[in-house]
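Please work through the exercises below with the sequence and the coordinates open beside you. Each task is followed by a solution that goes step by step.

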Amino acid sequence: MNAQPGWARRALRPLSALTEHRSLTLELAKRDVLGRYRGASFGLLWSLISPFLMLMIYTFAFGTVMGNRWPQVEQGGASFSIILFAALIVHGFFSEVLNKAPTLVTANPNFVKRVVFPIDILPWPLVMSALFHAGTTLLVFLALRLVMDGQLAWTTLFFPLVMLPLVVLCLAIAWFLAALGVYLRDITQVTPLLSLALLFLSTAMMPLESVPDSYRWVFEYNPLSFIIDQARAVLLWQQLPDAWGLLRYLAVATGLAYLGRFFFAKARSGFADVL
């Protein structure tokens, strides 16, 4: 069998976690998920309890003010809690990656010192762990949707396709921030604030139509807004996703992922000296 061409190996390098190091990647993802709940009395049940409690807090805090901005709430098509919850699935996934990525390398200095360890795969377990929690949050959403509104949208089947471009974008962000976090430790102070800003300056809380024209561009350029709108389309409104829009998003995210992987590879030569 002929060896794989050099250009093909370079093109598939960001996917090495799924091709060459699949078992290691899955084991690290499992360790990340279980490590979060180690020692907790309810264990993995917190992955179901936490999104429910978060929903109650946001609904209590913003339901009266923001709920009136949604025509679907006034028309009885869905409750504000469910509309908000659909957005929190997306934001929760993105926020987990954003907040943990800067410490991927600094929290694992022993991996850096092992020459044979493929440190560039570290963003993959993080994204997989975030996907696990997004999946559990989706289960809570579906249960609440059934109880509160008495229905489930058949278009929910398209939800993984809606999330795919965001998954690729999160890989890109994880590679960039993991490398920068080694040299600029202050990033860990910025990402939580950025996560909150991206939540409140997106269509998570209010529809784009209710945003003043002069500020609407901020919401439109928020990378979460389009995915949140598409998530609501398939989870709530029984609409097919915007295939062309998702393909464009995926194309840009893929380009950024390759750039992020390249940046990480160039920066890793100095990791051992800094750590």
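The exercises that follow concern a predicted model, and they go from the whole chain to single residues.

**Exercise 1. The chain as a whole**

Task: Determine which elements the chain contains, and how many of its residues count as buried in per cent.

Solution: Begin with the elements, where the count gives 14 helices and zero strands, so that every position in the order from the N terminus on is an α element. Next, turn to burial, for which the figure is 46% of the 275 residues. Then consider the contacts with a separation of 6 or more, 80% of which join residues 24 or more positions apart. Finally, look at the outside of the chain, which exposes about 14300 Å², with carbon and sulfur atoms supplying 66% of that area.

**Exercise 2. A network of salt bridges**

Task: Work out which residues are linked with Lys100 in a network of salt bridges, and where the partners lie.

Solution: The search of the whole structure finds five salt bridges, and two of them are needed here, beginning with the one in which the side chains of Lys100 and Asp32 meet at 3.6 Å, N to O. This pair links distant parts of the chain, since Lys100 belongs to helix 6 (residues 80-100) and Asp32 to helix 3 (residues 22-36), 68 residues apart. The second salt bridge joins Lys100 to Glu96, with 3.7 Å between the closest N and O atoms. Lys100 and Glu96 are separated by about one helical turn, because they are four residues apart in helix 6. Taken together, Asp32, Glu96 and Lys100 form the linked network. As for accessibility, Lys100 is partly exposed at 26% and Asp32 is also partly exposed at 26%, whereas Glu96, at 10%, is buried because its value is under 20%.

**Exercise 3. A salt bridge between distant parts**

Task: Decide whether Asp120 is buried or exposed, and state which residue its side chain meets in a salt bridge.

Solution: First identify the partner, which is Arg261, at 3.4 Å from N to O. Then place both residues: Asp120 sits in the loop between helix 7 (109-113) and helix 8, while Arg261 sits in helix 13 (residues 243-267), 141 residues apart, so the pair links distant parts of the chain. For the last step, compare each value with the limit of 20%: Asp120 has a relative accessible area of 9% and is therefore buried, and Arg261, at 11%, is likewise buried.

**Exercise 4. A serine in helix 10**

Task: Explain why Ser195 counts as buried, and find which side chain makes a polar contact with its own.

Solution: Ser195 lies in helix 10 (residues 187-200), and it counts as buried because its relative accessibility is 4%, where the limit is under 20%. Leaving aside residues up to four places away in sequence, Ser195 touches His91, Ser95, Leu98 and Asn99. One of these, Ser95, provides the side chain for the polar contact, at 2.7 Å.

**Exercise 5. A nonpolar surface patch**

Task: Find which residues form a nonpolar patch on the surface with Leu139.

Solution: The other members are Leu45 and Leu48, and the patch has about 270 Å² of accessible area together. Leu139 is found in helix 8 (residues 123-149), and it is exposed because its relative accessible area of 54% is over 50%.

Key: Residues are numbered from 1 along each chain as its sequence is written. This is a predicted model: local features need pLDDT of at least 70, side-chain atom pairs count only at pLDDT 80 or more; totals for chains, interfaces and linings use all residues. Side-chain values use heavy atoms; hydrogens and water are left out. Helices (H or I, at least four residues) and strands (E, at least two) are DSSP runs, numbered from the N terminus. Buried means under 20% relative accessible area, exposed over 50%, partly exposed in between (1.4 Å probe, protein chains only). Contact means heavy atoms within 4.5 Å. Accessible areas come from the Shrake-Rupley method with a 1.4 Å probe; for residues, only the protein chains shown count as cover. A polar contact is a pair of N or O atoms within 3.5 Å; within protein, one must be able to donate a hydrogen and the other to accept it, and residues adjacent in sequence count only if both atoms are side-chain atoms. Patches are made of residues with over 30% relative accessible area and no salt bridge: like charges are joined within 9 Å, nonpolar side chains (Val, Leu, Ile, Met, Phe, Trp, Tyr) within 5 Å. A salt bridge is a side-chain nitrogen of Lys or Arg within 4 Å of a carboxyl oxygen of Asp or Glu.
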